[in-house]
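Dear colleague,

Please find below the sequence and the structure that I am handing over to you. My account of what was found follows directly after them.

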Amino acid sequence: EKERTLGIIKPDGLSGNYSDRIKQVILESGFNINKEMVIQLDEENAANFYAEHSSKPFFTNLIKYMTSGPVLVMILEKEDAVIHWRELIGPTDAGKAKITHPQSLRAMCGVDIEKNCVHGSDSHQSAQREIAFFFKEAPSAFKTEAV
Ligand code: CMP
């Protein structure tokens, strides 16, 4: 059955001009890009999106990183999209991904455990929440730009 997941190209991915290569890999891997938008998150948006990490030691830096420039948010559709997108992006730590998953997107464009270049929902439930967060619940909260 077709499933949808949320993908984000994080600020370093966009500023590093990786988005065309990433989208090429996405399409070649059989995903459909249903919707996409470039947005600049503010601290409140980012803190809400990453609410589950609010007590983590890396939270403050994560919010700084995710608000450091625009991000590209995409709804990706495919059979079992959540797991397939997680496989394609590779492990959270991009430094390790370069060794263990050299073909992954994080190996291609990420730097370390924080600056890992791309996001993927970690479950079907998270995907639904994250898609609603960006595309349904409060679209007017974002400065959106169609691409
Ligand atoms: P992601 O898994 O997409 O969502 C949570 C993000 O927090 C993660 O990507 C990294 O960008 C960041 N992150 C996770 N773990 C750490 C960590 N130990 N140190 C710094 N940043 C982290």
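The protein holds eight helices and five strands. Read from the N terminus, these elements come in the order β-α-α-β-α-α-β-α-α-α-β-α-β. Please bear in mind that the model is a predicted one.

**Confidence**

The mean pLDDT of the protein is 94, and 93% of the residues reach at least 70. The model has an ipTM of 0.94 and a pTM of 0.92. One stretch calls for caution: over residues 143-147 the pLDDT remains under 50, and the model has 11 contacts beyond four places in sequence for this stretch. Predicted coordinates should not be read in detail where pLDDT is low.

**Overall shape**

The C-alpha trace of the protein spans about 35 × 35 × 30 Å along its principal axes. For 147 residues, a compact globule would be expected to have a radius of gyration near 15 Å, and the 14 Å of the protein agrees with this. Of the 147 residues, 33% count as buried. If one takes the contacts between residues at least 6 apart in sequence, 69% of them join residues at least 24 apart.

**The surroundings of the ligand**

Which residues lie around the ligand? They are H53, F58, L62, T92, I113, E114, N116 and H119. By character, this shell comprises three nonpolar residues, four polar ones and one charged one.

The UniProt record, an unreviewed entry, gives the annotation "binding site" to K10, F58, R86, T92, R106 and N116. The record, again as an unreviewed entry, also places the feature "active site" at H119. I therefore looked at some of these positions individually, as the annotations may be inferred rather than shown by experiment.

**K10, N116 and H119**

K10 is located in the loop that connects β1 (2-9) with α1 (11-15). Is K10 buried or exposed? K10 counts as buried, because 24 other C-beta atoms lie within 10 Å, and the threshold for a buried residue is 20 or more. Apart from its neighbours within four places in sequence, K10 is in contact with M66, V71, C117, V118 and H119.

N116 sits in the loop between α7 (105-109) and β4 (118-120). Its 25 C-beta neighbours inside 10 Å are the reason why N116 counts as buried. When residues up to four places away in sequence are left out, N116 touches T92, A94, R106 and G110. Of these partners, T92 and R106 also carry the "binding site" annotation in the UniProt record.

H119 belongs to strand β4. This residue is likewise counted as buried, because it has 23 C-beta neighbours inside 10 Å. Beyond four places in sequence, the residues that H119 touches are G7, I8 and K10. The contact with K10 links the position annotated as "active site" to one annotated as "binding site". As a further distance for your reference, the C-alpha atoms of H119 and N45 are separated by 16 Å, with their positions 74 residues apart along the chain.

**Two backbone angles**

Most residues other than glycine have a negative phi. Two residues in this model depart from that pattern and may merit a look on your screen.

C117 shows a positive phi of about 75 degrees although it is not a glycine. Like N116, C117 is placed in the loop between α7 and β4. C117 is buried, since 25 other C-beta atoms lie within 10 Å of it. As noted above, C117 is also one of the residues in contact with K10.

N17, which is not a glycine either, has a positive phi of about 60 degrees. The loop between α1 and α2 (19-28) contains N17. Is N17 buried or exposed? With 9 other C-beta atoms within 10 Å, N17 is exposed.

With kind regards

Methods: Residues numbered from 1 in each chain as written. Predicted model: local features only at pLDDT ≥ 70, side-chain atom pairs only at ≥ 80, totals over all residues. Near = placed C-beta within 6 Å. Nonpolar A, V, L, I, M, F, W, Y, C, P; charged D, E, K, R; others polar. Helix = DSSP H or I, 4+ residues; strand = E, 2+ residues; numbered from the N terminus. Rg over C-alpha atoms; globule rule 2.2 N^0.38 Å. Buried ≥ 20, exposed ≤ 12 C-beta atoms within 10 Å, placed from the backbone. Contact = placed C-beta atoms within 7 Å. pLDDT = per-residue confidence, 0-100.
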